[in-house]
Amino acid sequence: MTSLLETENADNFSDKDKILLENILKKTGPSRIKYALGAGSIITAVLTVWLGLFVTPNDEHLGDTVRLLYVHPPVAWAALYLAFGTTTLASLLWLWPKTRSFFWDKVAGASAEIGVLYLALTLITGSIWGRTTWGVWWTWDARLTLTAVLLVLYVAYLAIRQLDGTSKAKATRNAITALFAAIDVPIVHFSVLWWNTLHQTASVLTPGLHLTVPLSMGLTMGLGFLCTTLIWGWMMKARYDIELLKAVTGEMESQRAILQRRSEL
Amino acid sequence: MFRDGWAVASKDLKIEIRSRVLAMQVMPLTGAILIIFGFALGPDIGRLRQNASGLIWVSILLCSMLAVQRSIAIERECGGEFLKLTGYDLAGVFIGKVLAVAIEVFLIAIATIAITSVVFNTGLHGIMNILVLIAVTALASISLSSAGIIFGAMFISSDTAETLLPLIYLPLTSPVLLAATKASLPTFSGSGSIKLIWVGILFLLAVAYFSVGSISFEPLLEDY
């Protein structure tokens, strides 16, 4: 990151800008929290793979397909509730006048991007599950269809984020789109109850918090949830830093262009 | 607020009655869509009846987008200010725009259902089912118009409004499409009984879209 000021781009910045940029680079560069989240993500991912593939038993009926349980529900949870939940909350905090800050817009955008990635993984792993258990890669099941619709919605949200406008107008536009998109999340959640779906309802943990699978499977699944959460945190920090740098350099470019135009007049 | 809303709705509806775009262009379009579906599915009347509910709501959804675009075009012609300079309460402006589009969508739905009963030979089965269908159509109209007005206003000055509006509007309103199709299925097919859970879901969706639209409209216009 620090090499930015040592490249040919360095000539584009004034001394004042360079000091500001150096401070931002220090803020967004390597940090303890980044290292901790990164290390945690890698350790939990390796442990999940090891336990999932070599320690936990296969299922009497589903065979090795059951091992998808250690990936599919954790990525679905991270997409639907963690990532999109954060986007919705951050969008509300932008729209609420007392908490309005561009920080929330950046957080919402970063989390939505990761959510889209996780949701695509949810559909891919779900499709593999479907092929082995239902015999088809895709079926017009309500849960699957609504999840695909949700993916398109958040892709549209990311497209809307790229539109031009003032920073304030863009952030408001983003926040409103995120709130509308969030209406689909509970519909996806309850779809297995409202429709007759092939997709099963929650079955690993009963409402009374009783585990219906062997402890080793439950623990591995729990580790999968922790892993996707840590990876989300790691990517959030990295993505937020990039957004911050983009905003700062964009503002500097604008200021430089205005000064250049003034000097020409 | 409600007086302002009624004034805005009356203005939009009067413009629509005078321009006759809804009657002369949008309503014939819904007929064209249904006939194309009929061609695509073939002459099997049983299959057409079975799928009538879904086809009707897809037609209504596509035509509702045109109603939204018409409503936004009226504001664009006036500079895209959404009557900000007239002193009208912005919440009232939102209610008025939504009400006008919802009435238009309701009329489109009636036309669509009437055309379907002729070309697909569906008919309407049961008084209770018809009453439920009216409620379903009203609730769906509110959801579609609330979401449509917000995103129409959002892209009013964008060069890519024609592509962006369908990109967000169609997936966003697909839960309304699914619930409305399920709720009106027995009315058109004549088999099975109405499950009121779908009407309940449509009610919740109408409340959610209208509420989010209400809290969004003012900041959307203020920050533009």
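Colleague: With which residue does A:R239 form a salt bridge, and how far apart are the closest N and O atoms?

Modeller: A salt bridge here is a side-chain nitrogen of Lys or Arg within 4 Å of a carboxyl oxygen of Asp or Glu. A:R239 forms one with A:E113, and their closest N and O atoms are 2.5 Å apart. A:R239 lies in helix α8 (residues 215-264) of chain A and A:E113 in helix α4 of chain A, so the pair ties together parts that are 126 residues apart in sequence. Helices (H or I, at least four residues) and strands (E, at least two) are DSSP runs, numbered from the N terminus.

Colleague: What kind of model is this, and how are its residues and chains labelled?

Modeller: It is a predicted model, in which local features need pLDDT of at least 70 and side-chain atom pairs count only at pLDDT 80 or more, while totals for chains, interfaces and linings use all residues. Residues are numbered from 1 along each chain as its sequence is written, chains are lettered from A and ligands numbered from 1 in the order in which they are written, and side-chain values use heavy atoms, with hydrogens and water left out.

Colleague: Are A:R239 and A:E113 buried or exposed?

Modeller: Buried means under 20% relative accessible area, exposed over 50%, and partly exposed in between (1.4 Å probe, protein chains only). A:R239 counts as buried because its relative accessibility is 18%. A:E113, at 29%, is partly exposed.

Colleague: Which residues are linked with them in a network of salt bridges?

Modeller: The network consists of A:E113, A:R239, A:E243 and A:K246. A:K246 and A:E243 form a salt bridge with their closest N and O atoms 3.7 Å apart. These two are three residues apart in helix α8 of chain A, which means a separation of about one helical turn. A:E243 is buried at 16%, whereas A:K246 is partly exposed at 46%.

Colleague: How many helices and strands does chain A have?

Modeller: Chain A has eight helices and zero strands. Of its 265 residues, 47% are buried. The C-alpha trace of chain A spans about 80 × 35 × 35 Å along its principal axes.

Colleague: How many residues does each chain give to the contact between chain B and chain A?

Modeller: Contact means heavy atoms within 4.5 Å. Chain B gives 31 residues and chain A gives 25. The size of an interface is often given as the accessible area lost when the parts come together. Buried area is that loss (1.4 Å probe), summed over both parts. Between chain B and chain A about 2300 Å² is buried, and carbon and sulfur atoms give 84% of this. The elements giving two or more residues to the side of chain B that touches chain A are α5 (127-154), α6 (161-189) and α7 (196-222) of chain B. Among them, α7(B) gives the most, with twelve residues. The count of salt bridges between chain B and chain A is zero.

Colleague: What is the phi of B:R20?

Modeller: Most residues other than glycine have a negative phi. B:R20 is not a glycine, yet its phi is positive, about 60°. B:R20 sits in the loop between α1 (2-19) and α2 (21-41) of chain B. With a relative accessible area of 55%, B:R20 is exposed.

Methods
Buried area is the accessible area (1.4 Å probe) that two parts lose on being put together, summed over both.
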